[in-house]
Amino acid sequence: MYKELRNIEKREDGIYLLNKLGHVAKIPLELEENLNKYAVLKTISDDTPEFILELADIGLLEYENYTPNEDKLYFDDSILKSKDDKPVYKGPIIAHLAITNMCNMNCDYCSVRNMHGKIKTGLSTEEYKKIIDKLVDIGTFQIGLTGGEPTTRKDLVELVKYVASKNVACNLTTNGYVVPEKLIIELKNAGLTQVQISLDSYKKEVHEKYRTKGSFDRAIETAKLFKKHGFIVGVDTVVTNNNIDDIEDFMIFLEKNNFDGLTIIKLKQGYLDLETFKKEVPEYNKYAELIDKICRWKGKLEVTIDCSSVNNLCKTLTEKEQSKIHSAGCPAGHTLISIAPNGDIYPCAALTNENYKIGNMLTDNIKELWQTNKTLRKLRGIKNHIEGKCKNCKKIDVCRGGCRGIADSLNGKQYSSDINCKYTYKEVI
């Protein structure tokens with residue numbers, strides 16, 4: 001039977017399923033009859049179609065007599081190949097919507113402070129609702145509310161409730177610095193089920209090296225309050241040379257303290273000066289060793305790596321191992337867009353500068369931009385535009401040339417190879 005299903009939608013190219021965790025699966029139209037047949041059952045038999053079992057493996061279906069196989073992940077692999085500049089989906093699957101440029105912390109490596117700091121004010125409640133309506137209309141399945149710090153907005157609960165009313169998954173990213181229990185209860189009643197809290201280490205001094213003093217204790221307390229009220233609580237961790245040696249112990253700490261997930265994010269330059277960024281961004285092979293350990297993690301904590309970490313998988317996983325996991329590389333232009341507090345659209349939060357600006361959600365036609373915008377088309381067809389060693393690498397379809405944000409910072413060019421990647425083995429011609 002369906003498990004925590006958030007939305008199901010039949011489109012021209014398939015049937016899309018979304019659960020409360022944000023997992024999306026695309027089912028071919030010819031399998032609709034079998035989907036309808038098996039999705040209402042409590043138990044299954046030996047002749048159950050493979051795709052039904054795969055949906056159960058990622059938590060979209062559940063059966064009393066079936067134990068999910070955690071080594072298998074079902075996903076639509078049509079987005080893995082950068083064949084051309086045409087979008088696979090009619091719109092972005094995920095949208096990161098920054099609802100404020102205000103923040104009660106001052107993190108040194110904030111990836112959006114440079115751009116968001118130039119915005120005098122955010123939009124009104126009704127303007128954000130118009131943006132949400134446009135995203136829903138174009139087929140977006142998940143809207144992540146970000147900032148700045150989204151909890152500084154007085155209408156946060158109203159916006160969460162509005163997203164939830166559209167049968168779209170809503171996720172909140174917060175630094176956890178000032179989140180009273182009263183607000184947490186209101187967010188739960190509004191329909192929010194999942195939050196991501198920024199936390200870089202289980203060591204206070206390590207976490208606070210690049211973040212506000214006192215933020216560690218507040219983040220931990222906020223996480224406990226969210227867990228108390230039944231939320232799925234994940235952690236966003238920016239990996240630098242400051243904390244890379246502690247990540248394994250950090251994972252154990254998070255599991256012992258009942259966190260649900262950890263997302264590993266490779267450092268982007270953000271507000272750091274270039275020399276500090278170069279000093280703190282982890283060396284490729286060392287980071288690859290960490291990613292390898294994460295992929296072989298046997299604990300209950302669900303650990304995810306961000307898109308900029310996919311090129312490190314090329315170093316550590318065999319081709320067979322990599323085929324079992326969803327490692328589609330950069331999602332910009334394929335499944336993701338990022339929206340600034342004034343409605344300006346960018347490919348992702350790491351590319352929030354004028355060179356990558358796509359348009360504005362309030363003044364432009366997002367449907368048309370998604371199909372025809374030059375920047376999005378180049379990102380989709382990155383293998384036809386990238387310069388340097390990545391151009392002839394067999395893994396270009398997997399990692400899509402690494403992180404454009406990191407490559408831009410290190411090389412000063414939009415479509416240069418990510419020189420942080422040291423993958424130069426037999427796979428490179």
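Leu-156, Val-157, Val-160, Lys-161 and Ala-164 of helix α5 meet Leu-183, Glu-186, Leu-187 and Ala-190 of helix α6. This comes from a predicted model. By class, the contact of α5 with α6 has seven nonpolar residues, two charged ones and no polar ones.

The geometry comes next. Helix α5 covers residues 156-165, and its axis comes within 8 Å of the axis of α6. The two axes cross at roughly 20 degrees. Angles under 35 degrees count as roughly parallel. That makes α5 roughly parallel to α6. The crossing of α5 and α6 is right-handed.

**Around helix α5**

Which residues of α5 are buried? They are Leu-156, Leu-159, Val-160, Tyr-162, Val-163 and Ala-164. Leu-156, Val-160 and Ala-164 also appear in the contact with α6. The buried residues of α5 pack against two helices and two strands: α4 (125-138), α6, β5 (142-146) and β6 (169-174).

The loops on either side of α5 have features of their own. Between β5 and α5 lies a loop that holds Gly-148. The peptide bond from Gly-147 to Gly-148 is cis, with omega near 20 degrees. After α5 comes Asn-167, with a positive phi. Asn-167 sits in the loop between α5 and β6.

**From α6 to α8**

Helix α6 (residues 181-190) also packs with α8. Their axes are 10 Å apart, at an angle of about 40 degrees. That makes α6 oblique to α8. The crossing of α6 past α8 is right-handed. Which residues of α6 make this contact? Glu-181, Ile-184 and Leu-187 do. From α8 come Thr-222, Leu-225, Phe-226 and Lys-228. The residues of the contact of α6 with α8 divide into four nonpolar, one polar and two charged. Leu-187 takes part in the contact with α8, and Leu-187 is also among the α6 residues that α5 meets.

**The nonpolar cores**

The largest nonpolar core has 66 residues. Which of its members touch the most others? They are Leu-97, Leu-145, Leu-187, Phe-226 and Leu-262. Helix α8 (residues 215-228) gives the most to this core, with six residues. A second, separate core has 17 residues, including Leu-17, Ala-39, Ile-44 and Leu-61.

Two of the members named for the largest core, Leu-187 and Phe-226, belong to the contact of α6 with α8. Leu-97 has its own set of neighbours. Residues up to four places away in sequence aside, Leu-97 touches Tyr-128, Ile-131, Ile-132, Ile-143, Gly-144, Leu-145, Thr-146 and Ile-339.

**Positive phi**

Where does the chain take a positive phi? Three such residues are set out here, among them Asn-167, Asn-258 and Gly-59.

| Residue | Phi | Place |
|---|---|---|
| Gly-59 | about 85 degrees | just after α2 |
| Asn-167 | near 60 degrees | just after α5 in the chain order, following the helix |
| Asn-258 | about 65 degrees | loop between α9 (247-256) and β9 (261-266) |

Asn-167 is a residue other than glycine, and Asn-258 is not a glycine either. How exposed are these two asparagines? At 42% relative accessibility, Asn-167 counts as partly exposed. Asn-258, at 53%, counts as exposed.

**Helix α2 and strand β7**

Helix α2 (residues 50-57) is mostly covered, as six of its eight residues are buried. These are Phe-51, Ile-52, Leu-53, Leu-55, Ala-56 and Asp-57.

Gln-194 lies in strand β7 (residues 194-198). Is Gln-194 buried or exposed? Its relative accessibility is 14%, so Gln-194 counts as buried. Gln-194 and Gly-234 are 40 residues apart in sequence. In space, they are 7.7 Å apart, C-alpha to C-alpha.

**The whole chain**

The secondary structure of the chain comes to 17 helices and 13 strands. How many residues does the chain have? It has 429, of which 55% count as buried. Among contacts between residues at least 6 apart in sequence, 68% join residues at least 24 apart.

Definitions and conventions
Residues are numbered from 1 along each chain as its sequence is written. This is a predicted model: local features need pLDDT of at least 70, side-chain atom pairs count only at pLDDT 80 or more; totals for chains, interfaces and linings use all residues. Side-chain values use heavy atoms; hydrogens and water are left out. A nonpolar core is a set of buried Ala, Val, Leu, Ile, Met, Phe, Trp, Tyr and Cys residues joined through side-chain atoms within 4.5 Å. Buried means under 20% relative accessible area, exposed over 50%, partly exposed in between (1.4 Å probe, protein chains only). Helices (H or I, at least four residues) and strands (E, at least two) are DSSP runs, numbered from the N terminus. Contact means heavy atoms within 4.5 Å. Axes are lines fitted to C-alpha atoms, for helices over the stretch in contact, and angles run from 0 to 180 degrees between N-to-C directions. Angles under 35 degrees count as roughly parallel, over 145 as roughly antiparallel, 65 to 115 as roughly perpendicular and the rest as oblique. A crossing is left-handed if the near helix is turned anticlockwise from the far one by less than a right angle, and right-handed if clockwise. Ala, Val, Leu, Ile, Met, Phe, Trp, Tyr, Cys and Pro count as nonpolar, Asp, Glu, Lys and Arg as charged, and the others, Gly among them, as polar.
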